[in-house]
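Here are a few exercises to work through with the model open in your viewer. Try each task before you read its solution.

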Amino acid sequence: MSSYDESDAFGAAAVPLSRRAMGADPKAHAPYLDTLNPAQREAVETLDGPVLMLAGAGTGKTKALTTRIAHLMTTGRARPNEILAVTFTNKAAREMRNRLGALMGEAVEGMPWLGTFHAICVKLLRRHAELVGLKTNFTILDTDDQIRLLKQLVAVEDMDDKRWPARMLAGIIDGWKNRALTPDAIPTADAQAFDGRGVRLYAAYQARLRELNAADFGDLLLHMLTIFTQNEDVLAQYRRWFRYIMVDEYQDTNVAQYLWLRLLAGGHKNICCVGDDDQSIYGWRGAEVGNILRFEQDFEGAKVIRLEQNYRSTPHILAAASGLIDANKGRLGKTLWTEAEEGEKLRLIGHWDGDEEARWIGEEVEALQRGTRGLDPVSLDDMAILVRASHQMRAFEDRFLTIGLPYRVIGGPRFYERLEIRDAMAYFRLAVSLDDDLAFERVVNTPKRGLGDKAVQTIQRTARANGVSLVEGARLAVQTKLLSGKGLKELGILVDALDRWHGQVRSEADTHVELAEMILDESGYTAMWQNDKTPEAPGRLENLKELVKALENFENLQGFLEHVALIMDNESSDAEAKVSIMTLHAAKGLEFPVVFLPGWEDGLFPSQRAMDESGLKGLEEERRLAYVGITRAERLATVSFAANRRVYGQWQSQLPSRFIDELPEDHVEVLTPPGLYGGAYGAAGMAASASPAIAGAATSDLHDRAGRADVYNSPGWKRLQSRSQGARGLAQPVEARGLTIDATAVSSFTEGDRVFHKKFGYGLVSGIEGDKLKVDFEKAGTKHIVARFVVAADAADDVPF
DNA sequence: CCTCACAGAACAAAT
DNA sequence: TTCTGTGAGG
């Protein structure tokens, strides 16, 4: 693989072939070019040399990018394996692969170098691991492993872990890695980091990683950078190999990624970077907007192509977004335009508190779904609620669960980050490699085996003294009876079991799925959750079942573990339509006909912390985030804020976001119910400080919606609040948070029944009101719940595994 | 060694 | 509010 010779027959034939294709009548050979606008077409046809494609939101960037790749191939400039195409998310990579497939048929199956920075770097690093002192089967640590490891190192330093938490150190080290700094290259300005011990701990951490034959996320890139800079031959080989380089979301690259790209493109300079400086929202993760702002200097003779025709949003939405982002300084500048019909203005509404906001949005989603107010019905799949911070999702989940509105949370606590999944994975990791000390530490005493801190320390000491892994240390400790009683016996059993599983992984006597089930069974891990009577336990068992099911898609355990380390997202595409809830960050690159943007309050959005930590820079990034949010909407965008919000369980009064003041009045329609600003709710202060748009609304006519009855203004508040009491449609099997509940369970309950609810746990039915149950939950108190969201308690007990 | 109860801090974003 | 770490008691 690593010795591709570009002078082979195909490569040699490529050039003349391309001349033919590009010559007399390119259109005849490339009908896809006709579907592009002039700017896109220029971007597609400018194949050689550095190109910067400045693509505003919704301007057909992915289309241009994929068509460009297709064009490289059909003109014979490059074969699929000679194109390096980098994205930031797996989602984006998948999307690109699909679009390419649609464009070119199955011919693109062989694009091995389309992927995220991290995925590509892993692939490369496995080949050259020995150059940085790793073995090719190195393991990839996730954040959790990383912090546990750092904790140990910090403990050795005997520092006050309240003031100097390992988490902070992890952040500092990540920051250095993002800037491509190895321990020996930390600038003196950073020497004081982490009480002056940051650099030393960083070095110790790297040494420990090497001992463990492990790399963290940052290392994947950093190691490749080291390899490229220290091994000219390796770099030269890949420079020849990747004849064309394409980078998506260039504004999000950090220094390490930038250097990596510059090295690889250094020879031929056939690099095409696509990005939008207005959508740079990952500064906190080390992204450097400077990379995109500086592109023309970095790559001399670069061609800059602007994609400015927007195909996504209506003019009002576009204008509102543009007006907002105008407040930022130092932009490259773009003027988005559209041929779309005018459409609705951006809607703005204030609420009394966060619960009211969630309720209103729930009502609104249902109204839009039914197609009231003279608009066509909108599918739930076409609506999204975009929040600044994930904790804001809670209010919506609670509300939607109560009214029975199907929703999906995107990018929430992810499947592979859940406790039970990580535990199970640790067992799998150990079965595959008995040297995985971190995995061993995680599961020695899970389930409880009577092996506490003391016992673990003994094992560690033994292992260290003999220079062996923890599993071997444990074996020695058992043999020499360094432990006693229950612990000794249990540890012996565990070590034997590990040996057995490891043998079975190697012999491949059983399928890996059977093996996985056996491991979870014999380790007592499944039993542990079966005996657990907390409300979460059934859900966890369900997740474990899902995990085993996911295994079926892989050849073996190793392959699966590799996949999981990198692909941390789990998009379950299910048949039923659902409204999406996600963070603004997760929403980048997506689009929805209808978008809700709640929580526009100073301190929440823009986030106080961003402003405290990064000042004006932070504020501008927040503003870009707002811009990203608005530009996700195709037809209808609704911004909202609340006067009061619970923060740490304490009520706090909030002020509308300064971004609201920056929205151009001409493109905003204010929906605020009259009562709210009349002082009746004690929110007069809010009106005084609010934007001109709001202040105007308080005195002007609110019924300006083209003759339509306006549900927000006329019967007003009361109707909004009472409507939710009405009956819902017929119950369907609904999945919320992973547990599917059958509709047959509906209303088969009577008072006194013990029931289980996915979120609230166990409780007793104390009343029945229509399709709703009044339930006294053991932990969550009394709630009114749509009947189809609970199951009989005995049914929840035997969620099978 | 385990479990429970209490105090105190924590809500920013993710490959 | 909810999670985490700590200390007493079994």
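**Exercise 1. Find the helix that lies across β2 and β3, and give its angle to β3.**

Solution. This is a predicted model. Start from the two strands and look for what covers them: helix α5, residues 90–104, lies across β2 and β3. Next, compare directions: α5 runs at about 165 degrees to β3. Now turn to the strands themselves. β2 (residues 83–87) and β3 run parallel and are joined by three bridges. For one of the residue pairs, take A85, whose bridge partner in β3 is L114.

**Exercise 2. Work out the strand order of the six-stranded open sheet, and explain why β3 and β8 each have one side without a neighbour.**

Solution. Reading across the sheet, the order is β3-β2-β6-β7-β1-β8, with parallel pairing. β3 (114–116) and β8 (303–307) are at the edges and have a single partner strand each, so one side of each lacks a neighbour in the sheet. From one strand to the next, the twist averages 15 degrees. Finally, add a helix: α4 (residues 61–74) packs on the sheet and touches β1 (51–55), β2, β6 (244–247), β7 (271–275) and β8. The direction of α4 makes about 170 degrees with that of β6.

**Exercise 3. Describe the protein surface near DNA strand B, beginning with its polar contacts.**

Solution. Begin with the bases: an N or O atom in the side chain of W284 is 2.8 Å from a base nitrogen of strand B. Then take the phosphates. A polar side-chain atom of N445 lies 3.3 Å from a phosphate oxygen of strand B, while a polar backbone atom of A455 is 3.4 Å from a phosphate oxygen of that strand. Two elements, α20 (453–466) and α28 (608–631), give two or more residues to this surface, and α28 gives the most, with four residues. Widening the view, 26 residues surround strand B, and H118, W284, S390, R414 and R609 come nearest. By class, the surface has nine nonpolar, nine polar and eight charged residues. On the DNA side, 50% of the strand B atoms within 4 Å of the protein belong to sugar or phosphate, and the rest to bases.

**Exercise 4. Which residues are around DNA strand C, and how do they divide by class?**

Solution. The residues around strand C are K151, R394, R646, Y648 and G649. Of the strand C atoms within 4 Å of the protein, sugar and phosphate account for 60%. Sorting the residues by class gives one nonpolar, one polar and three charged. For the contacts, an N or O atom in the side chain of R394 is 2.8 Å from a phosphate oxygen, and a backbone N or O atom of Y648 lies 3.4 Å from a base oxygen of strand C.

Key. Residues numbered from 1 in each chain as written. Chains lettered and ligands numbered in written order. Predicted model: local features only at pLDDT ≥ 70, side-chain atom pairs only at ≥ 80, totals over all residues. Heavy atoms only, no water. Near = heavy atom within 4 Å. Polar contact = N/O pair within 3.5 Å; in protein donor to acceptor, adjacent residues only side chain to side chain. Nonpolar A, V, L, I, M, F, W, Y, C, P; charged D, E, K, R; others polar. Pairing = 2+ DSSP bridges. Axes fitted to C-alpha atoms, helices over the stretch in contact; angles between N-to-C directions. Contact = heavy atoms within 4.5 Å.
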